[in-house]
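Hello,

Here is the structure I promised to pass on to you. Have a look at it first, and then read my notes underneath.

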Amino acid sequence: MKAALFSSVPYQGPVERRGWPVAVDSYSSEAAEASMERSLDQFQLADELGFDWVTVAEHHYAPMCLTPNPMVMAGALTQRVKRAKIALLGSNIPIQNPVRVAEEFAMLDTLTGGRIVAGMLRGTSNEYVTYATNPAESRERFEEALSLIVKAWTEPQPFGWQGRYYEYRAISIWPRPVQQPHPPIYMSGSSPEMAEWAARHRISIGFAVTNVPLSKKSVELYRRTANDTGWEPGPDNVLYRIGTHVAETDEEAWEALTPAPGAAPQRAGGFSSSNRALDDAVADAGYYGRDVENQRGRVQSAADLQQRIANGQILAGSPDTVLRQIERIHNDLGAGIIETIFAGGSPERTKRSLELFGTRVLPRLRDL
């Protein structure tokens, strides 16, 4: 197996309000600068420890993510991460200019000498409000945008494009991707529609803010559809993202993740609009397709820590225990890439957790 480190580059200063969008009256530029530097340091440490990937993503209007343009953060990472692949999981292409996305990925692939992983996502439901995009069009926009991006990467002659959502008189991007025919592409496989579409187009899939039982259904559909279309996905075609905390002992790790009496349980890791009215409106507009309740259920986290571990919503324990938890996920899903989100409270505790994973879990992970 391979290991990736994901960070949403969260804001580390105090935030007085919740919900989405989040007001900026408590924002501090000094705290934001320190937050970005902390994430860059964490990515650099992961590279030095031997992680295979480091990963950033795109989200808007909230302190849990300071990378509304992950391409900018990836550009900074090219100067700090010298060995690991740099993954963008992803660019939310239905709300972007797809030609610009193709150009930026190609530029990053050139800066890294061919170490870019291109995640192409629809984005979380709230983000269609961000750039005033109709959520009912998101799936079709995604499919057309991705087709256009791949053609921009692979077509050697200038070409025009006249689709339903995008129209360009002439396209001929410079620079070209180093990786041929193009960087590896990942997309979400959490819904039946997207799992089937990814399999038909031979695209790798990833899972985030979910659990293993739900993901297993999608993986089985993905593999079945791929077999029907003449190919066999390998371990590297399936990625699973999960919150992670490693300590010297199980008890120490579990104590760090156990909420205080009366506190709300921690979520499995990921992004949510925290605005049910907004989510309901987007769902009613067709964003979730035919799998509305299943998709909403992805963000639900069990209250009990051990149940969250059993569901595959979090990795927690000593290095030996965490390795066994990863092995169970690998066996259930056939996932070849485990993408970790480290969170354990203080920066010192998080750094120690990352170091324990890199030195005592990662070397043995290769044999799974």
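Below are some notes on one strand and one loop residue.

Please keep in mind that this is a predicted model: local features need pLDDT of at least 70, side-chain atom pairs count only at pLDDT 80 or more, and totals for chains, interfaces and linings use all residues. Residues are numbered from 1 along each chain as its sequence is written, and side-chain values use heavy atoms, with hydrogens and water left out.

Let's begin with strand E11, which covers residues 337–342. Strands (E, at least two residues) and helices (H or I, at least four) are DSSP runs, numbered from the N terminus. Six of the six residues in E11 are buried, where buried means under 20% relative accessible area, exposed over 50%, and partly exposed in between (1.4 Å probe, protein chains only). Ile 337, Glu 339 and Ile 341 point one way from E11, while Ile 338, Thr 340 and Phe 342 point the other way.

Which strands pair with E11 in the parallel sense? Strand E1 (residues 2–6) does so over four bridges, and strand E9 (residues 238–246) over six; two strands pair if DSSP finds at least two bridges between them. Lys 2 has Ile 337 as its bridge partner in E11, and Gly 243 stands opposite Ile 341.

Now find Pro 175, in the loop between strand E6 (167–171) and strand E7 (185–188). Pro 175 counts as partly exposed because its relative accessibility is 30%. Pro 175 and Ala 106 are 69 residues apart in sequence, yet 6.1 Å apart in space, C-alpha to C-alpha. Leaving aside neighbours within four places in sequence, Pro 175 is in contact (heavy atoms within 4.5 Å) with Ala 106, Met 107 and Thr 110.

Enjoy exploring!
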